[in-house]
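Subject: Structure handover and notes

Dear colleague,

Please find the structure below, together with its sequence. My notes on what was found in it follow directly after.

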Amino acid sequence: MKDEDYIKKWLEGTLTEEDERAFKGSEQQKSLDRLSRALPAFKAPEYDVADELSRLEQARTSKAEEGRIVPMKWMKPLLRVAAVFVLLSVVYVFLTRDALTTVETLVAEKTEIVLPDSSLVTLNAHSRLMYPTKKWKDKRKVTLDGEGFFKVAKGSRFDVETSSGVVRVLGTEFNVKNRENYFEVICYEGLVQVQSAQQVVKLNPNQMFRIINGEVTTEALSLQVSPSWLAGESSFSSVPLKYVIQEFERQYDVSVIIKNVDIDQRFTGAFIHNDITLALKAISLPVNIDYQLEENKQVILSGK
Amino acid sequence: MAIKTQGGVCDEKLYNELFKRHAKDLHNFLHYKYGAENNPGDLVQEAFLKLWDNCHKVEEEKARSFLFTVATNKMLNELSKKQTVLRYSQEKPKSQTSESPEYVMEEKEYMDKLQNALESLTEQQRVTFLLNRIEGKKHKEIAEMLGISRKAVEKRIYTALDILRKKVGDI
């Protein structure tokens, strides 16, 4: 007889004495024997029929009184209600609150954004623009942190909110630069209204409005179609040197160390964005200082 | 006017009689299938309450399979279903024992292995095997409980044993 048959017979309990003798002491017999000795320990706990029956009768009476089912399950309907609430509030938030679209540029990076009404925004380095996508139809409003050039499609009011003021237009081209303690708006086409904490100013093409450290300037510029930075050049007219250096750091992703230089002196000029040596010359020559280009992205400017 | 009890189990006496007849089997069936953690006792209660709710529709002869089906379906839909745990009863240590520590340890190891092996079986394999081996239920009876053929029961028992022996190892 084969093992398989032996096991089958063992299961059925049809082993003859002869079979038993034949397999006595074999591995098969020992393991099966051990198993059948061990299994009773897994017997289900004693079920007290009378006890359980009276428990059932109680449950049935209380159910008949209440007219509904089992007390222990109250959590379930409650959870259902809670789930519906959560779902509704999520839907509510989703429908009413408008998600803001945020576009950010890193240092030494520029990007172009087409707004839902096909207005065009070019973001300069290290800047952020946020606008609501869904509510755009009702209100054209963007929030700007940094510098951007706007070509606004004709239509209703268009607002650019910055920490220093609001720029309001109808359809036009203008540049907004909002850096630390520095706020500058230049209008290139149409009419722009700038509303800062101090005043409300209307700008015609090629007029500039600027606040540096609380000091307001309005200036007429020579004719330009768009800001020079769009063409890869930052230009300044009578701007404190420190803001020029900050812009230089943003465009080249370097840090500038200043030694013995008056950073409040006014600078008029420009530097290009794709040649650091040339740019450094452009900055240092007019104000008569030395520059040194170090490794690990450092530049030292020192007075003579 | 006499209430018609025919075609249902709404008669209290009959209902209680059915409980005495089937509750234990149902309990043990659920215990071996799902383990103690899933409260087979409560499941039995729920199944019988459901039987009471539907007492008009369920014939006496169909009551047993109704109960088994209801309880099994309940577990199928149970989201909080726990993993099957089967505990073995440990014999109380005798005050004087002739058993060597090695034997006691080996024994415990074997039981743990067997427990794991049993828990690793499918619900169907486990309930079939244990009803047969521990409760001594006949193939025919198990086949009726599970709603499968006797042949299938036989096959399941054999497969279960095969798996157990492989997992526990021949000692």
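Two residues are taken to be in contact when heavy atoms of theirs lie within 4.5 Å. On that footing, among the contacts in chain B with a separation of 6 or more, 69% are accounted for by residues 24 or more positions apart. Please keep in mind throughout that this is a predicted model.

Chain B has 7 helices and 0 strands, so that its pattern, read along the sequence, is α-α-α-α-α-α-α, and 44% of its 171 residues count as buried. Helix α1(B) deserves some detail: 17 of its 23 residues are buried, so this helix is largely enclosed by the rest of the structure. The same helix carries a kink of about 45°, centred on B:His22, and just after α1(B) comes B:Gly35, which takes a positive phi of about 85°.

Turning to the interface, chain B contributes 43 residues to the contact and chain A contributes 33 residues, and the two chains bury about 3,900 Å² between them, with 62% of that on carbon and sulfur atoms. The rule finds 5 salt bridges across the interface of chain B and chain A, and one of them joins the side chains of B:Lys24 and A:Glu46, at 3.9 Å from N to O. The count of residue pairs in polar contact between the two chains, both residues being at pLDDT 80 or more, is 10. On the side of chain B that touches chain A, at least two residues each are supplied by α1 (12-34), α2 (40-53), α4 (101-120), α5 (123-133) and α7 (150-168). The largest share of that side, 11 residues, comes from α1(B), while by residue type the side divides into 21 nonpolar, 8 polar and 14 charged.

One residue is worth following individually, namely B:Arg133, which lies in helix α5 of chain B. Is B:Arg133 buried or partly exposed? B:Arg133 counts as partly exposed, because its relative accessibility is 26%, and the cut-off for buried is under 20%. Leaving aside neighbours within four places in sequence, B:Arg133 is in contact with A:Trp10, A:Leu11 and A:Leu39, and its side chain reaches the backbone oxygen of A:Leu11 at 2.9 Å. Within chain B, the C-alpha atoms of B:Arg133 and B:Ile157 are separated by 8.9 Å, the two residues being 24 apart along the chain.

With best regards

Note on methods:
Residues numbered from 1 in each chain as written. Chains lettered and ligands numbered in written order. Predicted model: local features only at pLDDT ≥ 70, side-chain atom pairs only at ≥ 80, totals over all residues. Heavy atoms only, no water. Buried area = accessible area lost by both parts, 1.4 Å probe. Salt bridge = Lys/Arg side-chain N within 4 Å of Asp/Glu carboxyl O. Polar contact = N/O pair within 3.5 Å; in protein donor to acceptor, adjacent residues only side chain to side chain. Helix = DSSP H or I, 4+ residues; strand = E, 2+ residues; numbered from the N terminus. Nonpolar A, V, L, I, M, F, W, Y, C, P; charged D, E, K, R; others polar. Bend = angle between axes of the 7 residues up to and from the residue. Buried < 20%, exposed > 50% of the residue type's maximum accessible area, 1.4 Å probe, protein only.
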